[in-house]
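The exercises below are meant to be worked with the sequence and the coordinates open side by side. Each task is followed by a solution that proceeds step by step.

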Amino acid sequence: MDDMTGLDIRIVRATPDMVGYVDGLRNNLVVKARVKVSMCGDNYDFDVDSVQLPYKKAEVCCPDRAYLGRDDAAIYLAFVEEQLVGQVCVQEDHNNMARVWGLRVEHGHHYHGIATSLMNTVKAWAVARGLRWLRAETQDIHVTACMFYRDYGFVIGGFDRLYLQATPGSEDETAIVWYFEV
């Protein structure tokens, strides 16, 4: 039981027989605001700007299920009772880092500690493997994710305005790279 929310959040490492759950969460959002990254002394910070015309965006999910059963990666699923409400993927990367992606929490379940529970699990996974850093990437349209990473303790290591130029539907988005020392 999570004392902050009163929800019974259960985090499970997905196994190949759980393939039906992996990638089972929403992959669309309404873009109402965007993050604008700027330098603040020697560090990056961000502001949130509203968009003039909010729009729906359906994102193509990467096939996370390809990472099931691998020794160098894990997919964690969050359940409240028997309902899938969150997912995160992590993989060993170079330079003693773990690459984190696909952190998703189902609409209606934000701000209940689910993302924090998932990230705590990822952090423990990285520590158990002797990895020293977590690295995550978001886009400027994912305001809630940017705020989560910042509040969890990640710092912006950089951003790339051109990284998504070749991705249809994302050409004007900015990739933001976040780091967390475990």
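## Exercise 1: A residue in strand 9

Ala175 lies in strand 9, and the coordinates used here belong to a predicted model. Task: decide whether Ala175 is buried or exposed, and list which residues Ala175 touches beyond those up to four places away in sequence.

Solution. Step one is the accessibility: the relative accessible area of Ala175 is 3%, and because the limit for a buried residue is under 20%, Ala175 counts as buried. Step two is the contact list, which, once residues up to four places away in sequence are set aside, consists of Glu137, Thr138, Gly158, Phe159, Asp160, Tyr163 and Leu164. Step three adds a distance across the fold: Ala175 and Arg99 are 76 residues apart along the chain, and their C-alpha atoms are separated by 15 Å.

## Exercise 2: The open sheet

Task: state the order of the strands in the open sheet of seven strands, and say which strands are its edge strands.

Solution. Reading across the sheet gives the order 1-4-5-6-7-9-8, and the pairing is mixed. The edge strands are strand 1 (9–13) and strand 8 (155–160), each of which pairs on one side only. On average, and with direction ignored, neighbouring strands of this sheet are turned by 25° against each other. For a closer look at one pair, take strand 7 and strand 9, which run antiparallel and are joined by seven bridges; Glu137 stands opposite Val177 of strand 9.

## Exercise 3: A hairpin

Task: describe how strand 2 and strand 3 pair, and find which residue in the turn of their hairpin has a positive phi.

Solution. Strand 2 and strand 3 (residues 43–58) pair in the antiparallel sense over twelve bridges, and Val37 stands opposite Phe46 of strand 3. The two strands form a hairpin with two residues between them, and Gly41 in the turn has a positive phi of about 70°.

## Exercise 4: Positive phi outside glycine

Task: for Asn95 and Tyr111, give the value of phi, then locate each residue and classify its exposure.

Solution. The background is that most residues other than glycine have a negative phi. For Asn95, phi is near 60°, a positive value; Asn95 lies in the loop between strand 5 (83–92) and strand 6 (97–105), and with a relative accessible area of 55% Asn95 is exposed. For Tyr111, phi is near 65°, again positive; Tyr111 lies in the loop between strand 6 and helix 1 (114–128), and is exposed, with a relative accessible area of 70%.

## Exercise 5: The nonpolar cores

Task: identify which residues of the largest nonpolar core touch the most other members, and which element gives the most to this core.

Solution. The core has 35 residues, of which Val100, Met119, Leu134, Phe154 and Trp178 touch the most other members. Among the elements that give two or more residues to this core are strand 4 (73–80), strand 7 (133–139) and helix 2 (143–152), while helix 1 gives the most, with seven residues. Met119 can then be followed outward: leaving aside its neighbours within four places in sequence, Met119 is in contact with Val100, Leu103, Leu134, Phe148, Tyr149, Tyr152 and Phe154. Apart from this core lies another, of 14 residues, including Met18, Ala73, Cys89 and Trp101.

## Exercise 6: Cysteines without a disulfide

Task: explain why Cys146 and Cys40 do not form a bond, and state how many disulfides a search of the whole structure finds.

Solution. The sulfur of Cys146 has its closest cysteine sulfur in Cys40, 16 Å away, which is too far for a bond, because a disulfide requires the two sulfur atoms to be within 2.5 Å. The search of the whole structure finds zero disulfides. The surroundings of the two residues can be added: Cys146 is buried, at 0% relative accessibility, whereas Cys40 is partly exposed, at 48%.

## Exercise 7: Confidence

Task: report the average pLDDT of the protein, and name the elements in which confidence is lowest and highest.

Solution. The protein averages a pLDDT of 90, and 94% of the residues score at least 70. Confidence is lowest in strand 2, at a mean of 92, and highest in helix 1, at 98.

Methods:
Residues numbered from 1 in each chain as written. Predicted model: local features only at pLDDT ≥ 70, side-chain atom pairs only at ≥ 80, totals over all residues. Heavy atoms only, no water. Helix = DSSP H or I, 4+ residues; strand = E, 2+ residues; numbered from the N terminus. Buried < 20%, exposed > 50% of the residue type's maximum accessible area, 1.4 Å probe, protein only. Core = buried A, V, L, I, M, F, W, Y, C linked by side-chain atoms within 4.5 Å. Contact = heavy atoms within 4.5 Å. Pairing = 2+ DSSP bridges. Axes fitted to C-alpha atoms, helices over the stretch in contact; angles between N-to-C directions. pLDDT = per-residue confidence, 0-100.
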